[in-house]
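Here is a quick tour of a protein model, written for someone who would rather look at residues than read tables. Keep the viewer open as you go.

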Amino acid sequence: DAPKIDGVFRLQNGYFNVDLGNTMRSMTKSGIMGGQTRFDELSGTVTLASNTYQLRQLKLLSGILSGNGNLDIDPKRELSGRVTADLKGALTMTSGPLAVGGTVKEPKLSSTK
């Protein structure tokens with residue numbers, strides 16, 4: 001009736017449906033939805049308890065983009081969490097904390113600065 005699952009995961013050469021790089025460049029508090037972020041590797045730990053997923057120790061590697069953070073997915077498939085991302089260009093580096101919201105189908109990222 002109340003399963004609990006703990007595990008680790010590592011995904012390679014995939015994508016998720018929100019543009020992390022565009023969010024870093026714009027650093028808007030109103031949030032960015034849509035787009036895609038391709039990644040070389042995404043890893044972390046996952047716990048499922050009370051129909052809530054807890055993703056912890058998230059690490060993202062994708063060329064000039066990297067990040068880490070924590071994310072929760074509630075029973076209604078709504079997202080909440082924080083990530084810190086780094087975008088390294090030829091001459092500049094942008095780094096900052098982002099809030100994760102929205103839903104699994106329509107994630108939303110916004111600057112917390």
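## Surface and burial

In this predicted model, the protein exposes about 7,100 Å². Carbon and sulfur atoms supply 51% of that area. As for what is tucked away, buried residues make up 35% of the 113 residues in the protein.

## Overall layout

Coming in from the N terminus, you'll meet the elements in the order β-α-β-β-β-β-β-β-β. That adds up to 1 helix and 8 strands.

How much of the contact list links residues 24 or more positions apart? Taking the contacts with a separation of 6 or more, such pairs account for 40%.

## The pocket

Now for the largest pocket, which has a volume of about 800 Å³. Several elements give two or more residues to its lining: β1 (4–16), β3, β4, β5 (65–73), β6 (79–88) and β8 (107–111).

In total, 32 residues line the largest pocket. If you want to find its centre, look for Phe16, Leu42, Leu55, Leu58 and Leu71, the lining residues that lie nearest to it. By type, the lining divides into 22 nonpolar, 6 polar and 4 charged residues.

## Two residues in strand β3

Start with Thr47, which is found in strand β3. Is Thr47 buried or exposed? It counts as buried, because its relative accessibility is 17% and the cut-off for buried is under 20%. The side chain of Thr47 makes a polar contact of 2.8 Å with the side chain of Asp6. Not counting residues up to four places away in sequence, Thr47 touches Lys4, Ile5 and Asp6, as well as Thr52, Tyr53 and Gln54.

Ser43 also belongs to strand β3. With a relative accessible area of 15%, Ser43 is buried. Set aside the neighbours within four places in sequence, and Ser43 is in contact with Phe9, Arg10, Gln57, Leu58 and Lys59. One of those partners, Leu58, turned up earlier among the residues nearest the centre of the largest pocket.

## The loop between β3 and β4

Follow β3 (37–49) out to the loop that comes before β4 (52–62), and you'll land on Ser50. Its neighbour in the list of oddities, Asn51, is found in the loop between β3 and β4 too. What is the phi of Ser50? It is positive, about 55°, although Ser50 is not a glycine. Asn51 likewise has a positive phi, near 60°, and is a residue other than glycine. These values catch the eye because most residues other than glycine have a negative phi.

Both loop residues face outward in the accessibility sense: Ser50 counts as exposed at 63% relative accessibility, and Asn51 is exposed with a relative accessible area of 57%.

## Further along β4

Strand β4 is where you'll find Leu61. Why does Leu61 count as partly exposed? Its relative accessible area is 47%, so it falls between the cut-offs of 20% for buried and 50% for exposed.

Leu61 and Asp40 are 21 residues apart along the chain, yet their C-alpha atoms are separated by 5.6 Å. Asp40 is also one of the contacts of Leu61 once neighbours within four places in sequence are left aside; the others are Phe39, Glu41 and Ser66.

Notes: Residues are numbered from 1 along each chain as its sequence is written. This is a predicted model: local features need pLDDT of at least 70, side-chain atom pairs count only at pLDDT 80 or more; totals for chains, interfaces and linings use all residues. Side-chain values use heavy atoms; hydrogens and water are left out. Helices (H or I, at least four residues) and strands (E, at least two) are DSSP runs, numbered from the N terminus. Buried means under 20% relative accessible area, exposed over 50%, partly exposed in between (1.4 Å probe, protein chains only). Contact means heavy atoms within 4.5 Å. Accessible areas come from the Shrake-Rupley method with a 1.4 Å probe; for residues, only the protein chains shown count as cover. A polar contact is a pair of N or O atoms within 3.5 Å; within protein, one must be able to donate a hydrogen and the other to accept it, and residues adjacent in sequence count only if both atoms are side-chain atoms. On a 1 Å grid over the protein atoms alone, a cavity is a set of points where a 1.4 Å probe fits but cannot get out, and a pocket is an open set with protein on both sides within 12 Å along at least five of seven lines; lining residues have an atom within 4 Å of a point. Grid points are joined across faces, edges and corners, and a volume is the space filled by probe spheres set on the points. Ala, Val, Leu, Ile, Met, Phe, Trp, Tyr, Cys and Pro count as nonpolar, Asp, Glu, Lys and Arg as charged, and the others, Gly among them, as polar.
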